[in-house]
Structure formats: structure tokens, C-alpha cells
Amino acid sequence: MTATAGSLMQKSLPNWDNLSFAFTETDFMYRSYGDKRNVPIWDRGEFAPLADIKVSPAAAFMSYGLGIFEGLKAQRSADGRILLFRPDKNAERFKRSAVRLSLPEFPAHQFVEACVEMVRRNERFVPPVGKGSFYLRPLELAVEPKLGLGPSNLFLVLIYGCPVGSYFTGGAPKGVRLQVLEQGRVAPGGTGYAKCMSNYAGGIYVASQWKEKGFDDVLYLDARHLKYVTETSGSNVFLKRKDGVIVTPSLDDQILPGVTRDSTIQVARSLLGMKVEERPLAIDEVIEEGEELFCTGTAWTLQSVREIVHHGITVKFPVEDARKAILDVVRGIQTGSREDTFGWTVKVR
Ligand SMILES: Cc1ncc(COP(=O)(O)O)c(C=O)c1O
């Protein structure tokens, strides 16, 4: 990877006390071009001042949604380090998503190195301890000009990043409110397990109808039976039953394998001794047996659900114990205040 010499327009730093989950410009982006006919497919990649990109109006991703993305965070520790959380897991998922979308796999080591270097080069935008995190957004796009539907040869991987605060305005201190939808987020047998552009496009319309009515997001049931809980627009879900057992929907074609989901399961099981089951979770079980409901995601972190509305009936989840205990550990590892026994964090600095 080489640095591109270029004069940087000095971007202004944000107000650290007022960060939200919004795009702001930073200093550098990363790009790597790929051609399926070459060996290796990908060039070495380069860092360049953040700028608009030039693509053909006929680039395949623009008509056909042939694009995937990722989201991961780096945070400062109190002792002056900067830690990136589980970039290898995002690299793996990036590869799995690529295969599903007929895009070439981007090598995991190149993904991780590029993410680490992106944080280094944009270091002045990594928020001070306790003020937020630096969010990285890797993308892979089919950029070949293409009129007909079919696989492409030319690809672009881009990574940009910016400082972020809470995903919810005001931080949703009492938890979020979700509308249960009798519809799937994605089609059965489709692309639900991949983090691809098209999985999100149609859901914006769906969620905005409910956001206008005072909900924070929606909770989708499975598209086959309209019976089992899957996930929200951008997070996985966990239920703590009245008997203390934690249940999260097992991974299938309609659920994104969240990195935070995996971290939550491992922390709950092996550090906190909680019983966690991965299995189909019926909405009826959530309503009848549930004591605590929470969502997990890189952007959402571990977020309490204070209530859901299903068939016009409100069900409240006043308990927050499991989420708080798990979040405490996950956050401790992410911010370096707790020993990282899993080897999850990568030291950027
Ligand atoms: C649909 C969906 N489910 C779950 C998640 C949570 O995944 P992660 O914990 O890797 O951020 C996300 C966010 O990436 C998502 O978009």
C-alpha cells in the first residue's frame, strides 16, 4: 500500500461533545481496484485525500445493486492506545458477502491492514476517551460499465471513516421502541446473510413509516412463517427469558451474522456464565416468556428494547440486567479497560 501525495484541505474537527451517527469528512480514504481477469485480482491499494469518486454512469452497482459494505469501530483507551475491534470478523463477512453478490473476495489481510492504516491516517478524528468512536465503512462495488444483467470484471474497494457518537438521538437512555412487522426484512433463500446494498434499500421506506409514528425501528418476523423473530433494520436481537435463559435467533438465510452478536454470545457464555441458546425464537415466546429484550450491532452497540408493539398491543421489557452486564464487558474490551482474553482488539497505536 502506498500513500498518495496530495495537498490536504484541512478538515475541521467536530465538536466532541455533540457527536451523532452521521457522516462527516475526514482526511483520508482508501481505494483498491480489482479486475477478475488479473492474478492477483486486487492491486496493492492506496490512500488518498477523501474526495468524490469517478465512476461511469453505467457502472453495474448503480443499476443492479452489486455492492457490499461493512461497519467497524476503533476507540481510544484511557492509557493512550487506539484499538480496532475484531476487524478480522468483518473481513471474513466481507468475503462471504462478496461471494453471494458475484464479487471477488477481497483478501482478509489486505482488509485488516487497510482498516488499521485508515485509523492511523485519520487519527486526529478518533474521538477522545468516552466521547465516541471512529467508524470505518469499507465498500466493494462492481464498477464495470454494463447494460445487461450479469457478472462484472471490474471492482473497487473503498474505505472511508468518520467519528461517531450514539446511533440514536439523545442516546435512547431508556431503550428503544420497536414495531413488530408481519413481514420479512429479506426474501427467504435470498441475500439476508450478506451485508449487501439491496438488503437495506427497501427497508428505509418501511422503517420510516413507523419512525414517523414514534418508533425507533421495526422488528421483522421471518418471511417464511411470519412467526419467528429475525432482526431489526440494522441489529440482531436477544431475549432474556423469565427463567434466566438468553435466546437469540439462530443464523439463517434471513439474518446477518453480527460481529456484536457473536461477541455478546461469547462474553455471556464464557465470562459471565450465562446460558445462551441459538435457536428459532417465536414472537409468542418473546411476549409470553420474555423479561428483557435487547439488540446488538456495531452502530447500535447493546441497546435495550423498552417496548415492542405487536398487533396493536404494547409489551414492555423493564429489565436491563443482562444487557448491562454484557455491555460492560464488551465495552471494557473495546476501550482497553479490561483484559482482552479473546484477542479481539487490534492495536492501531
Ligand atoms: C441487518 C443487520 N443486522 C445486524 C447487524 C449487526 O451486525 P454487527 O454487530 O456486525 O454490526 C447489522 C449491522 O451491521 C445489520 O445491518
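Ala, Val, Leu, Ile, Met, Phe, Trp, Tyr, Cys and Pro are counted as nonpolar, Asp, Glu, Lys and Arg as charged, and the others, Gly among them, as polar. By this scheme, the shell around the ligand holds three nonpolar, nine polar and four charged residues. The structure is a predicted model, in which local features need pLDDT of at least 70 and side-chain atom pairs count only at pLDDT 80 or more, whereas totals for chains, interfaces and linings use all residues. Residues are numbered from 1 along each chain as its sequence is written, and side-chain values use heavy atoms, with hydrogens and water left out.

The ligand is surrounded by 16 residues, of which Lys 195, Tyr 200, Glu 231, Thr 260 and Thr 298 come nearest; a residue is near a molecule if one of its heavy atoms lies within 4 Å of it. At least two residues of this shell are supplied by each of α5 (259-271) and β15 (290-297), where helices (H or I, at least four residues) and strands (E, at least two) are DSSP runs numbered from the N terminus.

Polar contacts to the ligand are pairs of N or O atoms within 3.5 Å. A polar side-chain atom of Glu 231 is placed 2.6 Å from a ligand nitrogen atom. Ligand oxygen atoms are approached by a backbone N or O atom of Val 259, at 2.7 Å, and by a side-chain N or O atom of Thr 260, at 2.6 Å. The ligand alone exposes 380 Å², of which the protein buries 95%; these areas come from the Shrake-Rupley method with a 1.4 Å probe.

Across the whole structure, 14 aromatic pairs are found, a pair being rings of Phe, Tyr and Trp (its six-membered ring) with centres within 6.5 Å, stacked if the planes are under 30 degrees apart, edge-to-face if over 60 and tilted otherwise. Tyr 30 and Phe 47 form a tilted pair, with 5.1 Å between centres and 55 degrees between planes. Because Tyr 30 belongs to strand β2 (residues 28-35) and Phe 47 to strand β3 (residues 46-49), this pair ties together parts 17 residues apart in sequence.

Key:
A polar contact is a pair of N or O atoms within 3.5 Å; within protein, one must be able to donate a hydrogen and the other to accept it, and residues adjacent in sequence count only if both atoms are side-chain atoms.
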